[in-house]
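Here is a short walk through a structure you may not have met before. Take a look at it first, and then we'll go through it piece by piece.

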Number of protein chains: 2
Amino acid sequence: MNRREEIMLAAEKSFTMFGYKATTMDQVAKIANVGKGTIYTFFATKEELFHSIVWKMVEEMKDVSERSVVVGASFQENAHARIMQVLKFRETHQLFIKLIQEEKELRTPAVGEVLKTIEQEILKYIASKIDRGVAKGELKPCNSELIAYLLYKSYLALVVDWNRTHDEQLTEEQITDVLNDTIFSSLLV
Amino acid sequence: MNRREEIMLAAEKSFTMFGYKATTMDQVAKIANVGKGTIYTFFATKEELFHSIVWKMVEEMKDVSERSVVVGASFQENAHARIMQVLKFRETHQLFIKLIQEEKELRTPAVGEVLKTIEQEILKYIASKIDRGVAKGELKPCNSELIAYLLYKSYLALVVDWNRTHDEQLTEEQITDVLNDTIFSSLLV
DNA sequence: GCAAGACTGAAACGGTATTTCAGTCAATTT
DNA sequence: AAATTGACTGAAATACCGTTTCAGTCTTGC
């Protein structure tokens, strides 16, 4: 394996275990079995290294999400599957979990920015699927950016936020029912 | 004016100007022109005093919101007016602004709890209006708690959150259009 | 010619001396 | 006697400062 990949792998491990703030470049160098100087031949700063790791994670998330689609299923069914997969990734992927925790507890600025970027990437991803649906004639033309925003925030509210004030979480059926009746129904031709 | 009211007025001023953490009971006593001990004959703790002030504010907010209804207008129109009024209050009322700022910057636990309580109060308020609409036969029967949650979070997303990543805010027309097509349309009989 | 790790200075941390403040209570006023 | 006051207390927050940590550099060595 080439040195760049060794370093990325080591950094991913360290960010996952200790978070952004608590991983040191010395630590990454040690895990990767390279001198610290070597890291700087591939990545200009710690933040650039971090961005590379996170970008890789985002690509993997889109991939996993995409793999949940069922050919021949309706737009709603696949949109639901994709977004649920994104949310599942969000609370399953160890690095993602660590970043959310670090943002909440430490308020590390670099982590806050990265989480914002990730959200924007998710929104772009959802909007592109809506645009695709419109182009294929499955959906009415609409402001896809706005709908993607409303849709994603609704999912976050029902799947993530709801549990903060309620003991038992909503069932997936309750969620599909209410969203099929509201946002999705307005999208269909 | 009686001493209890003097104290509440003084506390409201101080909480509004300096926030919860930075107002001292000595400060409140001074503004109210009473000895510090006197405050404790009316309020057991600083937090109890704080809760009284906030409760008064919530009542005022519901009041203001209620005054925005138009007799004879449709459910959607009035629901929209009420919620927009709540959100306007949220970003206009000086004490409310201060509390949101203190929560974001200082993370004062007492303030976090109070903001959570306020949100629950708003949600109960919206849910009660939905129940009323169902009882009057204007709306289909539904899980009013769930719909109130989705509705309020959608408004927050479109009116408040949207501006964090976008330069120009959504127009009220864009908001009413998308919500009439989605959540509201599913509610009507 | 490339990798390594000792080196640097700015920023973060920890320990502690000092200050602040919620809540009490004995003295004072009404 | 009932109500009011503000000096007082100690727990907790804050300011201060000496020490350590660490991102990024740069000379040394292979």
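## Two residues with positive phi

Let's start with Asn33(A), which is exposed because just 11 other C-beta atoms lie within 10 Å, and 12 or fewer is the cut-off for that label. You'll find Asn33(A) in the loop between H2 and H3 of chain A. Its backbone is worth a look too: phi of Asn33(A) is near 60 degrees, a positive value in a residue that isn't glycine. Keep in mind that this is a predicted model.

Over in chain B, Arg107(B) also has a positive phi, about 60 degrees, and Arg107(B) is not a glycine either. Its home is the loop between helix H6 (94-105) and helix H7 (109-135) of chain B. Is Arg107(B) buried or exposed? Arg107(B) counts as exposed, since it has 11 C-beta neighbours inside 10 Å.

## Two parts of chain A

Chain A splits into domain 1, covering 1-44, and domain 2, covering 58-187. Measure from C-alpha centre to C-alpha centre and these two domains of chain A are 31 Å apart. They do touch: six residues of domain 1 of chain A and eight residues of domain 2 of chain A make up the contact. On the domain 1 side of chain A, that contact has two nonpolar, two polar and two charged residues.

## How the chains meet

Now for the place where chain A and chain B come together. Each side puts in its share, with 18 residues from chain A and 18 residues from chain B. On the chain A side, helix H8 (144-165) and helix H9 (172-187) each supply at least two residues. Which helix gives the largest share of the chain A side? That's H8(A), with 10 residues. Sorted by class, the side of chain A that touches chain B has eight nonpolar, seven polar and three charged residues.

The copies meet through the same surface, because 100% of the interface residues of chain A are also interface residues in chain B.

## Turning one copy onto the other

Give chain A a turn of 180 degrees and a shift of 0.0 Å along the axis, and it can be laid on chain B with an RMSD of 0.1 Å. The two copies are therefore related as by a two-fold rotation axis. Want a landmark for that axis? In chain A, the nearest C-alpha belongs to Thr182(A), 2.2 Å from the axis.

## Around the DNA

There are 15 residues around DNA strand C, and the ones that come nearest are Gly35(A), Gly37(A), Thr24(B), Met25(B) and Gly37(B). Helix H3 (36-42) of chain A, along with helix H2 (25-32) and helix H3 (36-42) of chain B, each supply at least two residues of the surface near this strand. H3(A) gives the most to the surface near DNA strand C, with four residues. By class, that surface has three nonpolar, seven polar and five charged residues.

On to DNA strand D, which is surrounded by 15 residues, the closest being Met25(A), Gly37(A), Gly35(B), Gly37(B) and Thr38(B). Here helix H2 (25-32) and H3 of chain A, together with H3 of chain B, each supply at least two residues of the surface. H3(B) provides the largest share of the surface near DNA strand D, four residues. The surface near DNA strand D is made up of three nonpolar, seven polar and five charged residues.

Key:
Residues numbered from 1 in each chain as written. Chains lettered and ligands numbered in written order. Predicted model: local features only at pLDDT ≥ 70, side-chain atom pairs only at ≥ 80, totals over all residues. Contact = placed C-beta atoms within 7 Å. Nonpolar A, V, L, I, M, F, W, Y, C, P; charged D, E, K, R; others polar. Near = placed C-beta within 6 Å. Least-squares fit on C-alpha atoms with pLDDT ≥ 70 in both. Domains from an automatic or database assignment. Buried ≥ 20, exposed ≤ 12 C-beta atoms within 10 Å, placed from the backbone.
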